[in-house]
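User: Please take a close look at a single part of this structure, beginning with the local backbone and its exposure, and then work outwards to whatever surrounds it. A long, connected answer would suit me better than a list.

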Amino acid sequence: MFTIQSTYLTDYAGGFPGMLADGNLTNRPTGIIQDATAVPFGTAVFQSGTTDGKAVTATPGTKFKGVTIANAGVVSQVGVTADAYPQYSSASLCDMGDIWVTAASNTTAGAAVYVTAGFAFTATVGS
């Protein structure tokens, strides 16, 4: 018999923004990105000002819609940010469950978080 693999990594890469953290129950709605610039994976998105309930934007607003889920099938145009949803694309969102995001400060489980202009999550109001 042939050996297919005889060595294994002892340390694996950590999570990345937009990666679902585990196999626990999640809710995964979709949204249509309205921003002219691409919205990175792992970004909080909010209801857009349009009347369409599926329209979302990374601009903080009153109605949180979810966090963009990383999707290897998203193909960026030349000159557009990689690992991001371009304008008018259908984005997979996670509005319930565990997902990796970028944290700008230490946070507490169950406490309120806020979004910075750089799309990071923080425990500080007004960041």
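Analyst: Tyrosine 88 counts as exposed because its relative accessibility is 58%, where the cut-off for exposed is over 50%; the model is a predicted one, so this value, like those below, is computed from predicted coordinates. Tyrosine 88 belongs to the loop between strand 6 and strand 7, and its backbone deserves attention, since it adopts a positive phi of about 70 degrees although it is not a glycine. Most residues other than glycine have a negative phi.

The next residue along the chain, serine 89, is likewise placed in the loop between strand 6 (84–85) and strand 7 (90–94), yet its exposure is another matter. Serine 89 has a relative accessibility of 16% and therefore counts as buried, the limit for that class being under 20%. Which residues does serine 89 touch, once those up to four places away in sequence are set aside? They are Gly31, Ile32 and Ile33.

A positive phi of about 70 degrees also appears at phenylalanine 119, again a residue that is not a glycine. Phenylalanine 119 sits in the loop between strand 8 (114–115) and strand 9, and because its relative accessibility is 28%, it counts as partly exposed. Beyond that loop, threonine 122 is part of strand 9, which covers residues 121–122, and threonine 122 is buried because its relative accessible area is 3%. From threonine 122 to alanine 112 the separation is 10 residues in sequence and 8.8 Å in space, taken C-alpha to C-alpha.

The strand that follows the loop of tyrosine 88 leads into the wider architecture. Strand 7 takes part in a barrel, which five strands close in the order 1-4-3-5-7 with mixed pairing. From one strand to the next, the twist averages 55 degrees. In that order strand 5 stands beside strand 7, and the two pair in the antiparallel sense over two bridges; within this pairing, valine 67 is set opposite cysteine 94 of strand 7. On its other side, strand 5 (residues 64–68) runs antiparallel to strand 3 (residues 44–47), to which it is joined by three bridges. Valine 45 has glycine 66 of strand 5 as its bridge partner, while phenylalanine 46 is bridged to phenylalanine 64 of strand 5. Strand 5 is mostly covered, with four of its five residues buried.

Phenylalanine 46 leads in turn to threonine 59, which is found in the loop between strand 4 (55–57) and strand 5. Although threonine 59 and phenylalanine 46 are 13 residues apart along the chain, their C-alpha atoms are separated by 6.9 Å. Leaving out residues up to four places away in sequence, threonine 59 touches Phe46 itself and, in addition, Asp35.

The bridged pair of valine 67 and cysteine 94 returns in the pocket analysis. The largest pocket has a volume of about 220 Å³, and its lining includes Phe64 and Val67, a run from Cys94 through Asp95, Met96, Gly97, Asp98, Ile99 and Trp100 to Val101, and finally Phe121. How does this lining divide into nonpolar, polar and charged residues? It consists of eight nonpolar residues, one polar and two charged. The second largest pocket, at about 160 Å³, has among its lining residues Val101 and Phe121, together with Ala103, Thr107, Thr108 and Ala109. Val101 and Phe121 therefore each have an atom within 4 Å of a grid point of either pocket. The lining of the second largest pocket divides into six nonpolar residues and three polar, with no charged ones.

Seen as a whole, the chain holds zero helices and nine strands, and its C-alpha trace spans about 65 × 35 × 30 Å along the principal axes. Of the 127 residues in the chain, 28% are buried, a class that includes serine 89 and threonine 122 but not tyrosine 88, which is exposed. As for contacts between residues at least 6 apart in sequence, 56% of them join residues at least 24 apart.

Conventions. Residues are numbered from 1 along each chain as its sequence is written. This is a predicted model: local features need pLDDT of at least 70, side-chain atom pairs count only at pLDDT 80 or more; totals for chains, interfaces and linings use all residues. Side-chain values use heavy atoms; hydrogens and water are left out. Buried means under 20% relative accessible area, exposed over 50%, partly exposed in between (1.4 Å probe, protein chains only). Contact means heavy atoms within 4.5 Å. Two strands pair if DSSP finds at least two bridges between them. Axes are lines fitted to C-alpha atoms, for helices over the stretch in contact, and angles run from 0 to 180 degrees between N-to-C directions. On a 1 Å grid over the protein atoms alone, a cavity is a set of points where a 1.4 Å probe fits but cannot get out, and a pocket is an open set with protein on both sides within 12 Å along at least five of seven lines; lining residues have an atom within 4 Å of a point. Grid points are joined across faces, edges and corners, and a volume is the space filled by probe spheres set on the points. Ala, Val, Leu, Ile, Met, Phe, Trp, Tyr, Cys and Pro count as nonpolar, Asp, Glu, Lys and Arg as charged, and the others, Gly among them, as polar.
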